[in-house]
Amino acid sequence: MGSQPLTSPPSVPLKGRLSVPGDKSVSHRAIMLSALAIGRSRVEGLLESEDVLATIGVMRALGATIERLPDGAWQIDGVGVGALLEPETALDFGNAGTSVRLTLGLLASHPLVATAIGDASLSRRPMARVLTPLKMMGADVIARSGDRLPLTIRGARTPAPITYELPVPSAQIKSAVLLAGLNTPGTTTIIEPVASRDHTERLLAGFGVSLKTETDADGRRQISVSGPVALEPTDLTVPGDPSSAAFAVVAGLIVPDSDVTVTDVLLNPTRTGLFDTLEEMGADIAIENDRISGGERIGDIRVRSSRLKGVTVPASRAPSMIDEYPILAIAAAFAEGTTRMEGVGELRVKEADRLEAVADGLRANGVEVETGETWMAVTGRKGRAGGGSVATHLDHRIAMSFLIMGLAADEAVSVDDTRMIATSFPGFIAMMEKLGARFSVPEAVGS
Ligand SMILES: O=C(O)C1=C[C@@H](OP(=O)(O)O)[C@@H](O)[C@H](O)C1
Ligand SMILES: C=C(OP(=O)(O)O)C(=O)O
């Protein structure tokens, strides 16, 4: 299938109230943990995006029975910790980094052999970050050069517990080790210097597994699981994804005269760094209907167009908004002054090198950007912005971010491909159109 470019012209004011699909991180974990429970779980509000469908396919290949019910909920009959089946063919993770890294954790403590493959973007991403601790637990791995996919893992027959300090703040590494610990006799401990998203810990509690969490004298969190454990099936509802809500929120702030409300958004504090940052930038942003549901804070986010000013975003905030830097950079392009983002080197190993993809895209649209190995500084447009074409490099968040830019720019912004949006947010275009945005297919060059 060829690429699907799209053009985003300056928009009328955006108005309306809408919800976003279920959180991607929670959806992956809900399927995985249900597959590990003995008995039947039910998941409502699951994100039905390509990344999560990849997780469903993989968990089916490992023995779980997973069905979509007529009411839209998903029913999962799990096999139990220690009872995953050896897959008959390679496990295809598509574009999904979270899916492959967490699944490698599961496989590492099951005595089976499995091969993991993915698309061109996923095959460029580093896997050593999870393979290093998983090998310490006894897994054997043969991977392509640079510890990249495709790779084959042989899980340990007698896995060994480890204590492992995360070299980078990453919920994927933390989760891979904790998931491996579920079938590992003894106590497996993760030490995280900076808190990363805690969905694995919270969901494990919902499946009846108690983890031990302590904060040491240096403020580092230690999270331990004592295996082997049995997971009890459960029913759960996935709240709206704050990383998807981010696009409508920023659009509502930068398109003049807009008033947008995104309802039922997950407001777990390990995920809300973008909203805190926008508030510091002067955004008119209000949380309404603030409540606790299923052990998580959830609320409706209302934004009205605002004059934003540049701020410095400290490195310590990066884990709580790691996927939101591309859309923050778009907000920064419409702010007064410079927004400096520190400690964001991890963006170089996402679906694309997001620091360079964002910088190239902004420059193509007349916005001044500087990047270093681990930082980026965006100076709000001084003259006209827009009119450029953006290379998305198989990255959904780059595509969505620049489509939002076009809505607020002086001239249309085009992106070279929108297919990847389906990996995290299949309803993105429809959502923005519901608010009043209009997109168009660019005329083919040379036709
Ligand atoms: O655990 C998760 O669900 C995720 C963790 C983050 O990655 P890192 O663990 O690499 O920071 C994030 O970028 C990704 O989209 C989802
Ligand atoms: C980095 C992302 O996801 P993953 O690592 O799961 O591919 C993302 O969704 O922005």
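Pro228 sits in the loop between strand E13 (221-227) and strand E14 (235-237). Strands here are DSSP runs of E with at least two residues, helices are runs of H or I with at least four, and both are numbered from the N terminus. The bond leading into this proline is worth a look: Gly227 and Pro228 are joined by a cis peptide bond, omega about -5°.

Before going on, some housekeeping. This is a predicted model, where local features need pLDDT of at least 70, side-chain atom pairs count only at pLDDT 80 or more, and totals for chains, interfaces and linings use all residues. Residues are numbered from 1 along each chain as its sequence is written, while chains are lettered from A and ligands numbered from 1 in the order in which they are written.

**Backbone oddities**

Most peptide bonds are trans, and most residues other than glycine have a negative phi. The Leu149 to Pro150 bond is cis too, with omega near -5°, and Pro150 falls within strand E9 (residues 148-154). On the phi side, two non-glycine residues have positive values:

| Residue | Phi | Place |
|---|---|---|
| Asp264 | near 55° | strand E15 (residues 259-266) |
| Leu394 | near 60° | loop between strand E22 (389-390) and helix H11 (396-408) |

Are these two buried or exposed? Asp264 is buried, with 20 other C-beta atoms within 10 Å, and Leu394 is buried with 20 as well. For reference, buried takes 20 or more other C-beta atoms within 10 Å of a residue's own, exposed takes 12 or fewer, partly exposed is in between, and C-beta atoms are placed from the backbone.

**Around the ligand**

Which residues surround ligand 1? The shell is made of Ser25, Thr98, Ser170, Ala171, Gln172, Ser175, Arg197, Ile322, Asp323 and Glu346; a residue is near a molecule if its C-beta atom, placed from the backbone, lies within 6 Å of it. By class that gives two nonpolar, five polar and three charged residues. Nonpolar covers Ala, Val, Leu, Ile, Met, Phe, Trp, Tyr, Cys and Pro, charged covers Asp, Glu, Lys and Arg, and the others, Gly among them, are polar.

Helix H5 (residues 171-181) gives the most to this shell, with three residues. Domain 1 (6-22 + 239-434) and domain 2 (24-230) each supply at least three residues, with bounds from an automatic or database domain assignment.

**From the record**

An unreviewed UniProt entry annotates residues 12-430 as "domain: Enolpyruvate transferase". That span is 29% helix and 26% strand, and its end C-alpha atoms lie 16 Å apart.

Technical notes. UniProt positions renumbered as here; feature names shortened; annotations may be inferred.
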